[in-house]
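Colleague: I've got this model open at the bench and I'd like a close look at one helix, the one that seems tucked away. Could you walk me through it, and then tell me how the rest is put together?

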Amino acid sequence: MSSFSRLHEDLDKFAMATDVPITLGGKIVIADRVVKTACPHNCYDTCGFLAYVKDEKVIKVEGDPDHPITRGHLCLKGYANVQKINSPDRVKYPMLRVGERGERKFKRISWDEAFDWMTEKLTMLRDTYGPESFCEYLYSGNREHMIKAASSRFHNLFGSSKLVGSFCLLSGAAGSYYSIGEQNVMSPEVWADKTECIFLIGRNPSFTNPHLYPFLYKATERGAKLIVVDPYLTPVGSKADIHLRPRPTTVLQMIMGMTNYIVANDLHDKDFIAEHGFGFDEFMEEVRKMPIERAAQICDMDVEQLKQAAVMYATHKTQTECGYGHQRYSNGHQTQRAVSCLAAVCGHIGKETGNLNYINHMGFPSIPGFMNAAKVAAPEGATIPKTRLINISTFAQAVLAAKDPPIKGCISYRGGLVSQQPYVSETIKAVKQLDMYVAIEQFMTDDTDYADLVLPGCHFLEQYGFHPSYWHSYFQVLVPVCQPYHEAVPDIEIWQELGRRMGFAEYFPKEDTGLDYIRWMLPDDVKLEECTSPNGPIRIPERWCPRVPYADYNFKTPSGKFEFYAQGMVERGKKFPGDWNPVPWNMDTDESPTATPELFAKYPFTLISQHPAFRTHSQGYNLPWIKEIEGPPKVFINHADANALGLKAGDKVRIANDRGELLNVLAAPTVRVRKGVAELSSGMWVKLGASVNVLTSQSVGGPRDVGVGIMDEYHPLLDGNTTAYFNTLVKIEKMQKGEKR
Amino acid sequence: MNTRHKTIYIDAKRCMNCRACETACKVENELPAGPRYIMVSEVELTIDGVDKCEFLPLSCMHCGDPACMKACPVGAISKRAEDGIVLVDKNKCIGCHQCLWACEFGAPQFGADNKMEKCNMCYQRLDLGLPTACEAACQAEAIIVGTMDQISRKLRERYSTSSREQLFLEKTDKP
């Protein structure tokens, strides 16, 4: 067997400057080089990033002041990368499991031994069950897309089952797509100076999109109104003119009630509807069933406040800025359909003063556009078998249900499989039945506990990447700023070596780097050098990111118009099961006080989980700087509920339902959630904190019903699917003194 | 306080609780978990039936007449004449915590060595004409560090370009 050695590139070619004096710890320190890159943690902002390196260690990071949107600022997680990349707790070398799964007993092995082990296992799986018994688990810890293209090259050649979908935002994306066609957003520098009102729904920019905030205050300080829709009292909700706080699971009804009121009061944009709308009458039939009074009752809201918001929305030139919180319910697709229709009813689309922003098509790396992953994924001359698809939003269910062949092997990386999928005990059950479970990780996470083989993964600052923002229009190639720490190997080199060892050497020549793959993925008229350190970022060409999207009102829908009645849904509904109702309707969700009253009687709290500022999903939870700010796990409940349960701040509680229980969570009585709602932030590790996913349901948003997620055909925009994390009911009880696990 | 003295101005209306100042400060000062030179406080309020949260980043105030300086029995704390920055000399500190008792804001911090340390207004950066780490990190531009004159000039500029009337005026000077 050949011996593995990783590619060792000279990285000075990316230096913006060498021997750079910087301040650090009260002294002047000379950094060997400063390199420009971008942050690929799954976030709207994709910040321009400067890293200062000394002796191949990152000693300081800063925002890139030349980035037009992120303008030299990072978030707290961005700065904390200094602690993360230098952490003594990093996985330093390959390790093979020697104990039972979950016992955390490993022995150190060499990379050659690791590759030998994987090659042997993959060969065994292929010969015993067929290549479809293998799949990867890849998500967005480092969300850059080059690796998906590179690993797909391997999977295409090998014939693995293919991982598709997202558990984040696709229900809403489908809702938006069926309404307005191709997905584009208007970058904030366009609307910030011109809009009269911002309607921010399901998004908490302080924590998940901080660079939106300067544009928000720029607009509001010159007089624009701000309406925030969020059941949780976010910081930006505190600064809003109107903060709408519907009961979780009922945003759909709230939006339909607002629409009803706007039309009933003749505040709609009749010209836009007549010239550019399709199926308005059919849409109105459903809207008429939801008078604003009824909506307010369902949503448990003050009807006067809702009326005021409806009038404000309709009578101002409004920018509709959608997040993804409102669509993490099983009716999420219809919720986003309703939001899209609300914008169209008022004509707030395709104008500098306001557009309907959901996500731009950078959110869909599998669909060719600015990125063309297929050039890497499907090499010329190779025979590529058609294989089955596995939907990531139902990953554990698919692994447990797959029969012909079963799923027996998985390489998991850039995603917390155990901590981030819903219903943790089912995920662990699924992982335990694998014969080959490899985790490429930077730290010993919940996933590595169950892995057969743990490989030291690279931090994003140690590898190449391709991550255009799904919110703004600027692009910077990610480059390694320093050599990998310890024995870490960039993910691309792991897949390349595995490819060579599995007999595909001609498709994985040793000299191809991530930069080559990125060049292939770029459009012909975009020059790689212009967007690679020391240069960049570039404005993505207008045809991929129009300055004012939909301005010509030539919508890429079946009718060429904005579709109040979605013909595309009718068409897709002929092929697959699901909720394909072509107009938004009063759809209840899977697990909720109204849909499952018997469950609600046992579990009276609706549990929602925000993405806190402290981490990207589960990443960063183990960092001392971040633990220090965040403190121990706490659950927010309303003062009234706390009083009823006899809870004071800091009392220990048990949170439980049929799926599991969390112990020793501290009660935090608050005004931030309303009565009947509990908030436990997402991303805490199962073994270190209070992982909300111990409790969350496996319910999935539509429109398509993918069952357990084993499929022959799938399209992210046509089919949607988002894990409906917030369709979760729980009970909360005070723990007795001395009670512990 | 005099006209040369620098201070850290916080616009609590703008602070959005993103906490970037906290880790940016850690990077700049190479701090471990433990001493926190700046931290954001959260306050919940209900005003006229409307629930609100307010946020306030708090660090050393670099007081005009620092109580900590008076309380220190060994003279480890001083106030720089040229810009009023309050500094502590760790070599002199005996770890008695008198400064912490005296400070109304809880600014003095103690790490593993039990010597007082705290926000030094990134004086090495200010000396080079650079903003403090927290100001540089604040995307809300809620933190402004400078003399009262400098701060007031910045705020006046800010208010002169933020007016409710401007919203509905036709802007003809833009392409």
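Modeller: I'll start with a couple of ground rules, go to the helix, and then work outwards to the chains and a few single residues.

Keep in mind that this is a predicted model, where local features need pLDDT of at least 70, side-chain atom pairs count only at pLDDT 80 or more, and totals for chains, interfaces and linings use all residues. Residues are numbered from 1 along each chain as its sequence is written, chains are lettered from A and ligands numbered from 1 in the order in which they are written, and side-chain values use heavy atoms, with hydrogens and water left out.

Your helix is α4 of chain A, residues 170–180 (helices are DSSP runs of H or I with at least four residues, strands are runs of E with at least two, and both are numbered from the N terminus). Of its 11 residues, 10 are buried, so the rest of the structure largely encloses it. Here buried means under 20% relative accessible area, exposed means over 50%, and partly exposed is in between, using a 1.4 Å probe and protein chains only. The buried residues of α4(A) run from A:Leu170 through A:Ser171, A:Gly172, A:Ala173, A:Ala174, A:Gly175 and A:Ser176, then A:Tyr178, A:Ser179 and A:Ile180. As background, an α-helix has 3.6 residues a turn, so residues three or four places apart point the same way.

And what does the covering? Around the buried residues of α4(A) you'll find, among others, the helices α14 (332–345), α21 (567–573) and α25 (716–719) of chain A. The strands β14 (356–357) and β21 (562–563) of chain A are also part of that cover. Just past the end of α4(A), A:Gly181 has a positive phi of about 85°.

Now zoom out to chain A itself. It has 25 helices and 28 strands. Its radius of gyration (taken over C-alpha atoms) is 25 Å, close to the 27 Å from the globule rule (2.2 Å times the number of residues to the power 0.38) for 741 residues, so chain A is as compact as a globular protein of that length. The C-alpha trace spans about 75 × 65 × 60 Å along its principal axes, and 69% of the 741 residues are buried. If you take contacts (heavy atoms within 4.5 Å) between residues at least 6 apart in sequence, 76% of them in chain A join residues at least 24 apart. The accessible surface is about 23,800 Å², with 51% of it on carbon and sulfur atoms (Shrake-Rupley method, 1.4 Å probe; for residues, only the protein chains shown count as cover).

Chain B has 175 residues, of which 47% are buried. It has 6 helices and 8 strands, in the order β-α-β-β-α-β-β-α-β-β-α-α-β-α. Its C-alpha atoms fill a box of roughly 65 × 40 × 30 Å along the principal axes. For contacts with a separation of 6 or more, residues 24 or more positions apart supply 50% in chain B.

Where do the two chains touch? One spot is A:Thr670, whose side chain makes a polar contact of 2.5 Å with that of B:Glu44. (A polar contact is a pair of N or O atoms within 3.5 Å; within protein, one must be able to donate a hydrogen and the other to accept it, and residues adjacent in sequence count only if both atoms are side-chain atoms.) A:Thr670 sits in strand β25 (residues 660–670) of chain A and is buried, at 0% relative accessibility. Beyond four places in sequence, its contacts also include A:Phe636, A:Ile637, A:Asn638 and A:His639.

Another residue to click on is A:Lys36, in strand β2 (residues 27–38) of chain A. It is a lysine that counts as buried, at 3% relative accessibility. A polar atom of the A:Lys36 side chain lies 2.8 Å from the backbone oxygen of A:Gly536. Among the other contacts of A:Lys36 are A:Asp64, A:Asp66 and A:Asn535. A:Asn535 is in the loop between α20 (514–521) and β20 (538–539) of chain A; it is partly exposed, at 38% relative accessible area. Besides A:Lys36, A:Asn535 touches A:Gln476, A:Glu529 and A:Glu530, leaving out residues up to four places away.
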